[in-house]
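Me: Could you take a close look at one part of this model for me, the place where the two chains meet, and then work outwards from there?

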Amino acid sequence: MSQDRVNDFVIKLANVNGTGSASANSLLMRSIFRMGVPVSGKNFFPSNIQGLPTWYEIRVNEKGRLARSGNVDVMVAMNAQTYLQDLHEVTPGGVLLYDSTWPRDKLLSRPDVTILGVPLARMCNEHFANARTRVLMKNMAYVGALTALLDIEREVVEELVRETFARKPAAIDANLQALDLGFRYAREHFDCPLPTRVERRNLTAGKIMIDGNTATALGCVYAGATVGAWYPITPSTSVMDAFKSFCERFRVDPETGERRYCVIQAEDELAAIGIVLGATWNGARAFTPTSGPGLSLMQEFLGFAYFTELPAVVIDVQRVGPSTGMPTRTQQADILAAAYASHGDTRHVLLFPADPRECFELTVTAFDLADRLQTPVIVMSDLDLGMNDWMCDELTWDDGYRPDRGKVLGAEELEQAKSFFRYLDVDGDGIPYRTYPGVHPKGSYFVRGSGHNKYGLYTENARDYQELVDRLLEKWRTAARLVPAPVVRTHPEADGLGIVAVGSSDPAVVEAIERLAEEGIHVDYCRIRAFPFGEEVERFLETHERVLVVEQNRDAQLKSLLTLETRCPKERLEPVLSYGGLPIDCNGIVDAVKRVRLAGVAA
Amino acid sequence: MTSIAKPKILHKGLRRNGLGLTMRDYEGGMSTLCAGCGHDSVTAAIVQAFFELDIPPHRAAKVSGIGCSSKTPAYFLGASHGFNAVHGRMPSIATGASAANRELYIIGVSGDGDSLSIGLGQFAHAVRRNLNMLYIIENNGVYGLTKGQFSASADIGAKAKKGEENRQPPIDPVQMALALGGTFVARSFSGDKEQLVPLIKAGLLHKGFALIDVLSPCVTFNDHEASTKSYAYTRTHRSTAVEADFVPARAAIQTSYAEGEIVDVELHDGSRVRLRKVSKDYDPGNRGAALDYIRSRHRAGEIVTGLLYIDESEPHFHVMNGTTQTPLASLSYESLCPGSAALEALQRRFR
């Protein structure tokens with residue numbers, strides 16, 4: 001190894017799940033973040049509790065490029081089961097660190113990779129008495145070795161250890177000792193630091209490291225949601241875990257212990273969405289976090305909610321499908337299923353957050369839109385965004401915010417009203433007025449999934465039914481004006497070439513654009529944030545001759561939706577797909593742009 | 001659900017309740033069920049119970065699923081909010097409604113198809129949650145709207161109209177509710193309003209899940225000779241274990257019953273259910289014994305009716321969840337949002 005790689009490399013840690021590596025790996029990542037260097041962590045974990053291979057990838061990049069890179073510069077090979085695969089993955093010139101308690105020199109040899117052995121198990125066995133502690137401390141020992149090798153400031157790591165285990169003083173001591181074991185071994189046996197190393201910068205001020213699910217849960221709290229219903233499903237479970245813990249902190253009366261929220265673990269997702277609708281019918285803000293299989297089970301009620309015009313917020317943390325698919329891997333493959341969820345003529349508002357800060361903000365927006373439009377709004381997150389720690393701007397809150405509860409008639413308004421009809425389009429925007437049960441005798445109406453006319457009465461009359469569903473289409477047009485606009489980034493030399501993407505593909509797209517720019521190739525970028533798409537998306541598509549649609553699924557679902565729901569001819573759209581279950585990297589996008597340009601020149 | 005508006009005719013001598021309302025104010029649209037349908041009698045009993053309890057109609061919420069029985073909320077309490085949900089999923093709607101507004105009187109009407117087949121899971125979990133609602137199953141052993149298929153409550157040996165015999169054991173909602181920890185479990189017959197009205201009243205005031213399984217014959221598809229859910233069969237095979245009278249909170253206690261034969265159970269608003277034990281050895285406070293009794297009578301070909309089990313001491317849904325007394329939907333936004341300073345502070349752990 002020769003080349004200096006300061007603040008631009010990838011560490012991959014290969015572990016066995018259930019051995020406590022996750023907290024050590026996260027600590028390593030946060031130490032680098034605290035040194036002011038942008039970093040991201042991606043967890044590739046099995047659908048299992050103990051014994052299967054798991055990997056954690058930390059990308060250090062002072063330019064803030066935090067998508068998965070596809071390279072591995074430093075491999076920490078702690079899992080004998082995957083040694084060969086892990087060795088194979090190291091980028092030429094890289095380093096592999098392994099537990100040399102059991103020497104594997106023959107097995108672990110590659111001329112273009114530096115192999116470093118640290119007797120982690122032996123050191124921990126000699127130093128710690130308890131069997132479980134020995135296993136756990138191996139993790140902190142390799143963090144110690146990496147601290148020395150990568151020139152991470154030891155005080156920063158130690159400070160994090162103290163913060164992490166603040167409530168368990170015994171754990172602080174053990175972890176600090178393990179850290180020291182690894183650190184000293186590396187200093188004594190290797191030429192520290194390596195050319196691949198971290199140098200303090202000031203690039204993370206005003207930033208936080210947070211996962212999207214936690215930020216989403218905060219969005220639910222800040223939007224004033226009081227009813228949360230759910231059925232446990234990876235990768236959305238931590239949304240409700242976080243919501244619960246924030247509510248325990250902020251919504252429990254200190255004197256009486258009474259809770260200003262109600263979390264209901266339902267018997268299945270059919271019940272979870274039913275509970276949400278029962279709650280919103282009565283005027284509470286309610287939500288359900290789920291993932292693909294759960295979204296499938298909610299289909300009937302989602303169409304019902306669209307047709308009876310009840311608000312609902314669904315958080316879909318997408319994972320690989322179909323069926324159980326690979327439940328711990330990421331995809332954006334529910335786009336079509338969500339957009340047209342249910343039978344009959346239905347369309348649903350979708351929001352696409354691209355980082356945890358947007359998870360927070362767009363979740364609040366989702367509640368406002370659901371109330372304003374009286375319809376389900378589905379927040380399309382995914383496993384990569386939801387469960388991994390992302391660096392993003394700090395969350396901020398405007399204390400002047402008040403929820404938009406939409407067109408609701410209260411007791412006084414009903415008292416004064418001559419009459420009330422639930423589905424009458426009074427204002428010409430396709431949105432009727434609604435009432436809550438128990439408020440006023442004049443507000444009563446019947447929620448029915450069967451044919452109903454504009455007065456809320458049962459009908460089997462063709463014209464009445466058609467009038468109602470046509471009005472829902474009018475409301476859909478209103479929705480297109482109300483949803484968040486796309487984020488468009490243009491370059492004067494872009495030459496008619498554009499990229500469209502949603503959600504967690506954003507860092508990979510941005511990195512591709514930056515790398516292409518370094519080669520003198522310029523591309524415009526439209527990051528869609530909502531469906532219905534709205535005029536700005538139409539304009540972007542109209543003003544670009546070729547548009548690459550980047551997404552994480554096999555069937556180019558976003559491209560299909562654009563073809564169906566915009567004026568853009570489908571020949572203009574070129575899919576760029578990533579669907580193996582790992583978060584998208586920029587390489588495929590860079591290649592696709594070059595390919596399309598070459599084809600353009602040839603034509 | 002089809003309904004035809006009912007002309008409102010007010011006679012001068014019409015009885016008025018404590019709110020000054022007449023029985024007419026508690027009626028709904030005209031029923032479009034078959035003439036003679038048991039469900040219409042249940043509807044009439046519901047109207048009477050709400051009227052006599054002086055419940056303001058707009059404070060009641062009617063919920064149902066899909067099927068003939070689930071149509072009936074259109075025929076009572078026309079001034080109440082109603083929710084005709086998807087098939088078998090009414091309990092989840094009721095759960096959300098109760099979570100958002102704990103002050104509502106929630107009445108769910110379902111059928112044996114809606115509750116015991118497609119909705120068995122939701123029914124069971126509503127019982128477990130001890131959701132504060134009255135849940136009426138209008139049980140007739142068949143699917144009416146799809147024209148006469150057996151439902152899960154059909155007895156072994158019962159025959160369909162076209163002669164087909166049911167071989168699968170029935171699911172009894174009463175036994176299920178008892179096994180699942182139900183706190184108010186009753187069975188009645190649509191043809192016995194005397195028994196049904198007090199049960200509905202007590203069920204509405206019970207804090208927790210009140211189940212009334214009402215045998216409600218289907219005159220079109222299941223009222224023939226070989227049916228065990230017909231009017232004739234129910235009348236001849238019915239035995240009553242416990243009769244319940246409803247005593248409003250303000251009424252004086254009468255002690256004209258012989259000692260040992262009556263039990264008063266106080267409901268949370270101070271009113272009482274007065275249980276008259278028709279069968280001497282029956283104890284409506286003993287879950288296990290109740291189950292045994294119902295099973296042994298069933299083996300003997302009898303359908304046991306009455307308020308079969310009641311327990312006012314178990315925590316209901318909101319007690320278990322520790323929810324605040326104010327309905328969640330009425331809380332001010334200010335009491336829900338932690339604000340910018342809290343957001344700033346909590347982000348320290350993400351740095």
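Reply: Let's start with one pair of residues: A:Phe446 stands opposite B:Gly82 in S2(B). Bear in mind that this is a predicted model. The pair belongs to a strand pairing that crosses between the chains, with strand S17 of chain A (residues 446–448) running parallel to S2(B) over three bridges.

Now for the wider contact between the chains. On the chain B side 51 residues take part, and they are in contact with 56 residues of chain A. Strand S2 (81–84) of chain B is one of the elements that give two or more residues to that side, along with helix H3 (90–100), helix H5 (120–129) and helix H11 (339–346). H3(B) makes the largest contribution, eight residues. By class, the chain B side splits into 24 nonpolar, 23 polar and four charged residues.

A:Val227 is a good residue to look at next. Its contacts reach into chain B, where it touches B:Gly96, B:Ala99, B:Ala100 and B:Leu328, and in its own chain they include A:Cys262, A:Ile275 and A:Val276. A:Val227 is also among the residues with the most contacts inside the largest nonpolar core, together with A:Ala145, A:Val276 and B:Leu308. That core has 271 residues, and its largest share, ten residues, comes from helix H4 (residues 131–149) of chain A. Another core lies apart from it, with ten residues, including B:Phe150 and B:Cys218.

Moving on within chain A, you get four domains, of which domain 1 covers 5–205 and domain 2 covers 210–393. The centres of these two, taken over C-alpha atoms, are separated by 35 Å. Where they touch, 14 residues of domain 1 are in contact with eight residues of domain 2. On the domain 1 side, helix H1 (21–34) and S3 of chain A each supply at least two residues, and S3(A) gives the most, with five. That side has seven nonpolar, six polar and one charged residues.

S3(A) is worth following into its sheet, an open one of six strands in chain A with the order S3-S4-S2-S5-S6-S7 and mixed pairing. Strand S3 (39–44) and strand S7 (114–118) of chain A each have a single partner strand, so one side of each is left without a neighbour in the sheet. Neighbouring strands here are turned by 15° against each other on average, direction ignored. For S3(A), six bridges connect to strand S4 (residues 53–61) of chain A, and the two run antiparallel. One bridge to pick out has A:Gly41 partnered with A:Ile58 in S4(A).

Technical notes:
Residues numbered from 1 in each chain as written. Chains lettered and ligands numbered in written order. Predicted model: local features only at pLDDT ≥ 70, side-chain atom pairs only at ≥ 80, totals over all residues. Core = buried A, V, L, I, M, F, W, Y, C linked by C-beta atoms within 7 Å. Buried ≥ 20, exposed ≤ 12 C-beta atoms within 10 Å, placed from the backbone. Helix = DSSP H or I, 4+ residues; strand = E, 2+ residues; numbered from the N terminus. Contact = placed C-beta atoms within 7 Å. Pairing = 2+ DSSP bridges. Axes fitted to C-alpha atoms, helices over the stretch in contact; angles between N-to-C directions. Nonpolar A, V, L, I, M, F, W, Y, C, P; charged D, E, K, R; others polar. Domains from an automatic or database assignment. Lists of a residue's contacts leave out its neighbours within four places in sequence.
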